[in-house]
Amino acid sequence: MAAIEIDDLTKRYGDHLAVDELSLTVQRGEAVGFLGPNGAGKSTTIDMLLDYVRPTTGTVEVFGFDAQTETRAVHERIGVLPDGYSLYDRLTGREHLQLAARLKGTSVDVAAVCDRVGLDVADAGRPAGSYSKGMGQRLAIGMATVGDPDLLILDEPTSGLDPHGVARLQDLLAAELDRGTTVFFSSHVLDHVASTCDRVAILDDGRLVAIDTIDGLREAVGSAALTLPELFAVYTDGEDPRPATAGVSAE
Amino acid sequence: MSDTPPRSSTGSSESTGSTGSTGSTGSTTTDRLVAIARKEFRDGIRSDALRVVFGLVIASTVLIYWAIGRSAEPGVLSAVGFLGLPFQLLVPVAAIALGTVSVAGERAAGSLRVLLGLPPSRTEVVVGKFLGASGVLLAGLAVALVVAAVSGIVVFGTPALGPLVGVVAATALLGVAFLGVAIGLSAAVSSTRRAMAAGFGGFLGLTFLWEPVVAGVYYLVAGSLPGGGLPAWFLAVDRLNPIEAYAVVANMAGDVGVTPLRISVGLGGGSTAAEGAGAAVPLVLAEPISIVVLCGWVAIPLAIGTRRFRRSDLG
């Protein structure tokens, strides 16, 4: 059973097709980077995965559970860093972590989480309204890891992080992957994606234009020297995109 | 409850291995409701706006005891009765302010995306928020109750505890009713501004427009404007207004003369006339019916709002 199984997913807002017949599979234990230009439909796809938004047609399954009808079973098994989130200004960092733990029916070692994401334990006693963007991001990443989820869904996790924060995140993701956690994340920081991901999925205009290892993408384009940013440009800049299904079963 | 040892790495990874099994080691509905309610309570009592409103509640409480104590006919019961005025203005305002931002505010800010990324369902979020915000109102009223009791002892030598508790309990019910409306609105619409406009607009409507609306209903049924001996159904309809129901409930534990805070333009026909006319009070005008009415104001808007919230896309 796959960690994520997206099948023929479409989301239409009036005349606008935000996501267009998207199908993709993320295997357990793999790290998949979810890439695409702004407005490509990444966040809408993740929103449907989390049941924030309902598909027009198609289905999403997480560990075999339907994202729309078995939402709780899905959410008990995942850790989420959503797009466009905010924290509770009047609650402390500690209270945020405890809220996540209670809702997941588990407990949390606040000091250990702070250490993992690089948040000063003293800051965990202060309200999140006093945090910088980076501190808030670290806390939110920490909340996502509470309860040892089997799948981490992270939308732009490097956003707001300084280089130290990005390095911490790399370590955290490496440790999670070692433990067998599946990681699915979107990012514009392609170097970070290249160093963390087993495969990348590239979305353009609501359609999946590629899903493969970086080497696989190089092979498909016929140029072994290309970096991920260059590959990204090839796939999203008007080059004739390959059919959406071509790379789906590659692995 | 507290920070206990490291993350358990046993349960979760195993439970996902079992195909299709919905049973898991996670939290129960009660755990989630309590966690959200607790969060909402902590967040709410730290709100400056709310502290200001309850500061006003307490200040007006002290002021009433002090002023009645120096009046021509001082009496603890009239002080208790007077509490109904600031209470039925300020507590609904606090409830509307607290309730209308609850869901829509989190939706606009984005913290709802964090909360719903965790296991709670949308219904649990709404109900948990309602419980937590109710706790905030009850905490504020508990302080007001103590202040009023102490003021009663200081000024009159007695707190008149029975009638006082009756008025405070009725106020709690009124506050919770407005909270039901406000949170229902907040869940139903996507912007805080719209929820607030509807919440405060509705409150003003209940205060200013209820009488002409009910009189209009009477006109449609009876062919004339209300006047003279009014039928029981007319008074029963009038008492569907939570403010009217509040006054009934507030006087249940002892008639301290709490009057509904409503603007009358003389279309009501004088409700006291009919009450005096019938010796036996018909069932629809029995006082406990007003408790049911207030509970209806909690449950119905919450249910409608939750239904809309469950179906909507969080943009």
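Which residue is the bridge partner of Ile6(A) in β4(A)? In this predicted model, which admits local features at pLDDT of at least 70 and side-chain atom pairs only at pLDDT 80 or more, while totals for chains, interfaces and linings use all residues, the partner of Ile6(A) is Val60(A). Residues are numbered from 1 along each chain as its sequence is written, chains are lettered from A and ligands numbered from 1 in the order in which they are written, and side-chain values use heavy atoms, with hydrogens and water left out.

Ile6(A) belongs to the strand pair β1(A) and β4 (residues 57-62) of chain A, which run antiparallel and are joined by five bridges. Strands here are DSSP runs of E with at least two residues, helices are runs of H or I with at least four, and both are numbered from the N terminus. Two strands pair if DSSP finds at least two bridges between them. β1 (residues 4-13) of chain A also pairs with β2 (residues 16-26) of chain A, again in the antiparallel sense, over seven bridges. Within β2(A), Leu22(A) stands opposite Leu9(A). The two strands form a hairpin with two residues between them, and Gly14(A) in the turn has a positive phi of about 60°.

These strands are part of an open, antiparallel sheet of four strands in chain A, in the order β2-β1-β4-β5. Its edge strands, each pairing on one side only, are β2 and β5 (65-66) of chain A. β4(A) and β5(A) run antiparallel and are joined by two bridges, with Glu61(A) opposite Asp66(A) of β5(A). Helix α1 (residues 42-49) of chain A packs on this sheet and touches β1, β2 and β4 of chain A; its direction makes about 115° with that of β1(A). Contact means heavy atoms within 4.5 Å. Axes are lines fitted to C-alpha atoms, for helices over the stretch in contact, and angles run from 0 to 180 degrees between N-to-C directions.

Another open sheet in chain A has six strands with mixed pairing, ordered β6-β7-β8-β3-β9-β10. β6 and β10 (207-212) of chain A are its edge strands, each pairing on one side only. On average, neighbouring strands of this sheet are turned by 15° against each other, direction ignored. β6(A) pairs with β7 (residues 151-155) of chain A in the parallel sense over four bridges, and Leu154(A) in β7(A) is the bridge partner of Leu81(A). α5(A) packs on the sheet, where it touches β6 and β7 of chain A, and its direction makes about 165° with that of β6(A).

β6(A) and α5(A) appear again in the lining of a cavity. On a 1 Å grid over the protein atoms alone, a cavity is a set of points where a 1.4 Å probe fits but cannot get out, whereas a pocket is an open set with protein on both sides within 12 Å along at least five of seven lines; lining residues have an atom within 4 Å of a point. Grid points are joined across faces, edges and corners, and a volume is the space filled by probe spheres set on the points.

A search of the whole structure finds three cavities of 30 Å³ or more. The largest has a volume of about 110 Å³. Of its 14 lining residues, Val80(A), Met143(A), Ala144(A), Val114(B) and Leu118(B) lie nearest the centre. Two or more lining residues come from each of β6 (78-81) and α5 (133-145) of chain A and α5 (111-115) of chain B. β6(A) gives the most, four residues. The lining has 10 nonpolar, two polar and two charged residues; Ala, Val, Leu, Ile, Met, Phe, Trp, Tyr, Cys and Pro count as nonpolar, Asp, Glu, Lys and Arg as charged, and the others, Gly among them, as polar.

The second largest cavity has a volume of about 60 Å³. Its lining includes Leu91(A), Glu95(A) and Arg102(A), along with Arg38(B) and Arg42(B). α3 (93-104) of chain A and α2 (29-45) of chain B each supply at least two of the lining residues. By class, this lining has three nonpolar, one polar and five charged residues.

The second largest pocket holds about 480 Å³ of space. It is lined by 24 residues, and Arg90(A), Asp43(B), Ser47(B), Val101(B) and Ser102(B) lie nearest its centre. The largest share of this lining, eight residues, comes from α4(B).
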